[in-house]
Amino acid sequence: MAATNAAIDAVWRIESARVIAAVARVVRDVGLAEDLAQDALVAALEKWPEAGVPDNPGAWLTATAKHGAIDLLRRRATLERKHEQLARELEDREDPDVAAAIDDQVGDDLLSLVFTTCHPVLSTEARIALTLRLLGGLTTEEIARAFLVPTPTVAQRISRAKRTLAEANVPFEVPAGGELRARLGSVLEVVYLIFNEGYSATAGDDWLRPELCHEALRLGRILAELAPREPEVHGLVALMEIQQSRARTRVGPRGEPVLLLDQDRSRWDRLLIRRGLAALQRAEALGEAYGPYTLQAAIACHHARARTPEETEWLRIVALYDALAELTPSPVVELNRAVAVAMAFGPEAGLEAVDALAEDKTLAGYHLLPSVRGELLARLGRHAEASAEFARAASLTRNEQERRLLLERAVRRP
Amino acid sequence: MRFMMFMKPNVSDDEWNPSPDAFAAMMAYNEELTKAGVLLALDGLHPSSEGARVQFKGDERPTVTDGPFTESKELIGGYWLIDVKSRDEAVEWATRVPHVQGESFEIEVRRVQEMSDFPQEVQDVIGELSQAPPEQTSAR
């Protein structure tokens, strides 16, 4: 029955993270928890087509996976007494109203799962793969296609990550007190890296790549409900909602990137903008100093509020960049700040800020540095110098269409 | 992809009168959608007695009929807009709308059109038309 299989897929998409998290709490091993959840899924594929999908499919899957855990621990108990005790405790704890018991605990379990898959003991790639697999319910093959790497590489990353977590005895828990903030940074970083990977997809790429933006947004929205008192979570959600609102205007018909000020604002997604503004408000309402995500979101929101580039509140944006540069100093932030300075105070001031970056080694191969410089020189009427900068930018970009546009700029005279 | 789930209560206005329990169940459902990260927007609609229908027929000028309307099957009570991975996921969410024993209603699940769904000619027209920001076309 194909219809039921499709329904089971959909149930898995909705429930898998919660099932894995609930089982991980009792077996204290996310790798084992995933295996048991998968076994429960196989059982569902056998039973549901005949018996029908149960009223509470998530509770059914969780209960089945937990029974699997008890069986497994029993079998192991012939070797280890400790496990037998755990199995007995588990059984004693079995609540008659499974659904209610799960609901009470589900938030904490999910949060523990996020903190585990994003644990600093893992490499960044491993964190990303494990998070997409265990929280997003993506298959190894889907992750591989989305990140343009071979499937065996991702499979290896995931199995190695599970082993690392087990060997390092990483506890399955929500970090307490001050540690929570520090560890949350790693979680938000993973979510934003997933978003940016999707955002960097180009025309002709596998459709799964831009899907990563949706995955990251969904993870962010889930996190916002799991940790509603953390302003940076809302800041990150706001940033992603606003960036995604521009998705359909940031690439031109021939695949060339369209910069923010040149985008057709009437085609920005108003619904996502509204959601982004609301998320920023939630961050601000918590009354703490802005973190880096909230600052970037605040800048993005200023652009989103302006109906034309001329209506942009550049002075406020410069101030926000000042704060961002202080919090997370980086030449890319400085370059963006320089653009805002040029808009707020004129091209001369902007050029001064850009020239301060000329010696920065990290920007050496970055085509936007000469491209911004060329733009400012052109506005100052220094056309020969501007042409040279556009030509240099053209030699640095990897996008064919962008190279063509930059070369056109290099020979164009006003 | 985005889906719209329309609530069609299948009863006329004066019969549509959900209990406090039914309301609580609906609130819990909405919260579940939020926690799952899929809910984009939702609204409930006032009874059709506060609405109107504007009908277009052939060459005639449009005619306006005030509510309430009696064909309960055609009434819409509200909607959810959700962001999910597949049509199956949308249908699964629709089957989870709380159902108080004895009540009958219908949820219609429809996919929201996106720019990329239109043929290229249509996209070009929309692209040209949208060059001017909408604010400039309205009288201010």
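Look at the outward side of H14(A) in this predicted model: Leu315(A) and Glu326(A) are exposed there. Turn to the other side of the helix and you meet Trp314(A), Ile317(A), Val318(A), Leu320(A), Tyr321(A), Leu324(A) and Ala325(A), which are buried. Why do these buried residues share one side of H14(A)? They cover an arc of only 165° around the axis, so they end up on the same side of the helix. What they pack against is a pair of helices of chain A, H13 (292-305) and H15 (331-345).

The length of H14(A) checks out too. The helix runs over residues 314-327, and at 1.5 Å a residue its 14 residues should span 20 Å; the C-alpha atoms at its ends are 20 Å apart, so expectation and model agree.

Now move back along chain A to helix H9, residues 178-199, where you'll find Ile194(A). Is this residue buried or exposed? Its relative accessibility is 0%, and because buried means under 20%, Ile194(A) counts as buried. As for its neighbours, leave out anything up to four places away in sequence and Ile194(A) still touches Ile128(A), Leu132(A), Leu212(A), Ala216(A) and Leu219(A). There's also a C-alpha pair to look at here: Ile194(A) and Cys213(A) are 19 residues apart along the chain, yet their C-alpha atoms are separated by 6.9 Å.

Next, the place where the two chains meet. Chain A brings 26 residues to the contact, and chain B brings 26 residues as well. Between them, chain A and chain B bury an area of about 2200 Å², and carbon and sulfur atoms give 52% of that.

What about charges and polar groups? Across the interface of chain A and chain B there are five salt bridges. One of the salt bridges to pull up on screen joins Glu142(A) to Lys85(B), with the closest N and O atoms 3.4 Å apart. Counting polar contacts instead, with both residues at pLDDT 80 or more, gives seven residue pairs between chain A and chain B.

Which helices of chain A each supply at least two residues of the side that touches chain B? They are H1 (2-27), H10 (208-226) and H12 (270-285). H1(A) gives the largest share of that side, with eight residues.

Technical notes
Residues numbered from 1 in each chain as written. Chains lettered and ligands numbered in written order. Predicted model: local features only at pLDDT ≥ 70, side-chain atom pairs only at ≥ 80, totals over all residues. Heavy atoms only, no water. Helix = DSSP H or I, 4+ residues; strand = E, 2+ residues; numbered from the N terminus. Expected span 1.5 Å × (residues − 1). Buried < 20%, exposed > 50% of the residue type's maximum accessible area, 1.4 Å probe, protein only. Arc of directions from axis to C-beta. Contact = heavy atoms within 4.5 Å. Buried area = accessible area lost by both parts, 1.4 Å probe. Salt bridge = Lys/Arg side-chain N within 4 Å of Asp/Glu carboxyl O. Polar contact = N/O pair within 3.5 Å; in protein donor to acceptor, adjacent residues only side chain to side chain.
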